[in-house]
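Got your viewer open? Here's a small set of exercises, each with a worked solution you can follow on screen.

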Amino acid sequence: MTVRPLIGVSTYLETGARWGVWELDAVLLPAGYPRLVQEAGGLALLLPPDAPERAAAAVERLDGLVIAGGPDVDPSRYGAERSPRTGPPAPERDAWELALIDAALRASVPLLGICRGMQLLNVALGGTLVQHLDGHAEQVGVFGRHLVKPEPGTLYAGIAPEETSVPTYHHQAVERLGEGLVASARAADGTVEALELPSGDGWVLGVQWHPEMGSDLRVMRALVRAAS
């Protein structure tokens, strides 16, 4: 019997979530994330925000890690003043996910950052973010699509060598790349749409788009293969 690798996925922490007759604090994750892990051959484990000092213990039990999309990263994490167009902070999630990223990098656990997850990976390695750009979200609560073009010779180009239409919803982006990171795909306007660490530093990839909202399994399958 094939052993499926265990892939941890970070989650939201929301106050006053409503379902059925309940209105309670909840840890949440759009179903597309675990579904994508499952369809790509992995077992999905949801990781609610926890004390940062417990991140290493969590990561050592995983075969792979996904940092999911979500709220804007607090600009104080990369030494910037808050723009009026930046969303409210999520300090517990920032602290937990930065600790998860650090633990995964130290332990060489395969790591995939999705949208916010890619941006947070960049911040974790000393990079900065553009706090607002137009044209990458069509309307509030609706995913759009645009083309991303891979950079030849990168990990991402080996996964998806052609220009690809991807599901997208974001208003922030990478500004200065973090230490050691390289851009591995870009949008037509030059926005960094994927970044990665060179292969000698383990399997580390971030994508700005939302593969969990589409049918292309290649990125997640690559993570699952690396985690196997």
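What follows is a short note on conventions and then five exercises on the sheet, its strands and the helices.

This is a predicted model, where local features need pLDDT of at least 70, side-chain atom pairs count only at pLDDT 80 or more, and totals for chains, interfaces and linings use all residues. Residues are numbered from 1 along each chain as its sequence is written, and side-chain values use heavy atoms, with hydrogens and water left out.

**Exercise 1. The sheet**

Work out the order of the strands in the open sheet, and find which strands stand at its edges.

Solution.
- Start with the vocabulary: helices (H or I, at least four residues) and strands (E, at least two) are DSSP runs, numbered from the N terminus. Two strands pair if DSSP finds at least two bridges between them.
- Now walk across: the 9 strands come in the order β4-β1-β5-β6-β13-β12-β11-β8-β9, with mixed pairing.
- The edges are β4 (43–47) and β9 (164–168); each has a single partner strand, so one side of each is left without a neighbour in the sheet.
- From one strand to the next, the twist averages 25°. For the angle convention, axes are lines fitted to C-alpha atoms, for helices over the stretch in contact, and angles run from 0 to 180 degrees between N-to-C directions.

**Exercise 2. Around β6 and β13**

Find the strands that pair with β6 and β13, and say in which sense each pair runs.

Solution.
- Take β6 (residues 111–114) and β13 (residues 204–207): they run parallel and are joined by 4 bridges. You can check the register with G113, whose bridge partner in β13 is G206, and with L112, which is partnered by L205.
- Next, β5 and β6 are also a parallel pair, with 3 bridges. Here L65 sits opposite L111 of β6.
- On to β12 (residues 192–196), which pairs with β13 in the antiparallel sense over 3 bridges. A194 has V207 as its bridge partner in β13.
- Finally, look at the side chains. In β6, L111 and G113 point one way and L112 and I114 the other, and all are buried (under 20% relative accessible area; exposed is over 50%, partly exposed in between; 1.4 Å probe, protein chains only). In β13, V204 and G206 point one way, L205 and V207 the other way, and again all are buried.

**Exercise 3. Two helices crossing**

Describe how α3 and α4 pack: at what angle, how far apart, and through which residues?

Solution.
- Fit the axes of α3 (residues 91–107) and α4: the angle is about 70° and the axes are 10 Å apart.
- The two helices are therefore roughly perpendicular (65 to 115 degrees; under 35 would be roughly parallel, over 145 roughly antiparallel and the rest oblique).
- The crossing of α3 over α4 is right-handed, meaning the near helix is turned clockwise from the far one by less than a right angle (anticlockwise would be left-handed).
- List the contacts (heavy atoms within 4.5 Å): R93, D94, E97, L98 and I101 of α3 meet R116, L120, L121 and A124 of α4.
- Sort these into classes: 5 are nonpolar, none polar and 4 charged. Nonpolar takes in Ala, Val, Leu, Ile, Met, Phe, Trp, Tyr, Cys and Pro; charged is Asp, Glu, Lys and Arg; the others, Gly among them, are polar.
- Check the burial of α4 (residues 116–124) too: 8 of its 9 residues are buried.

**Exercise 4. Positive phi**

Locate S108 and C115, and give the phi of each.

Solution.
- As background, most residues other than glycine have a negative phi.
- S108 is in the loop between α3 and β6, and its phi is near 55°.
- C115 is in the loop between β6 and α4, with a positive phi of about 55°. C115 is buried, at 6% relative accessible area.
- For a glycine case, see G126, which follows α4 and has a positive phi near 90°.

**Exercise 5. Helix α6**

Which residues of α6 are buried, and is A226 exposed, partly exposed or buried?

Solution.
- In α6 (residues 218–227), the buried residues are V219, M220, A222, L223, V224 and A227.
- They pack against β1 (6–10), α1 (32–39), β5 (64–67), β6, α5 (155–159) and β13.
- A226 counts as partly exposed, at 30% relative accessibility.
- Leaving aside neighbours within four places in sequence, A226 contacts P110 and W203.
- A226 and G64 are 162 residues apart in sequence, yet their C-alpha atoms are 7.9 Å apart.
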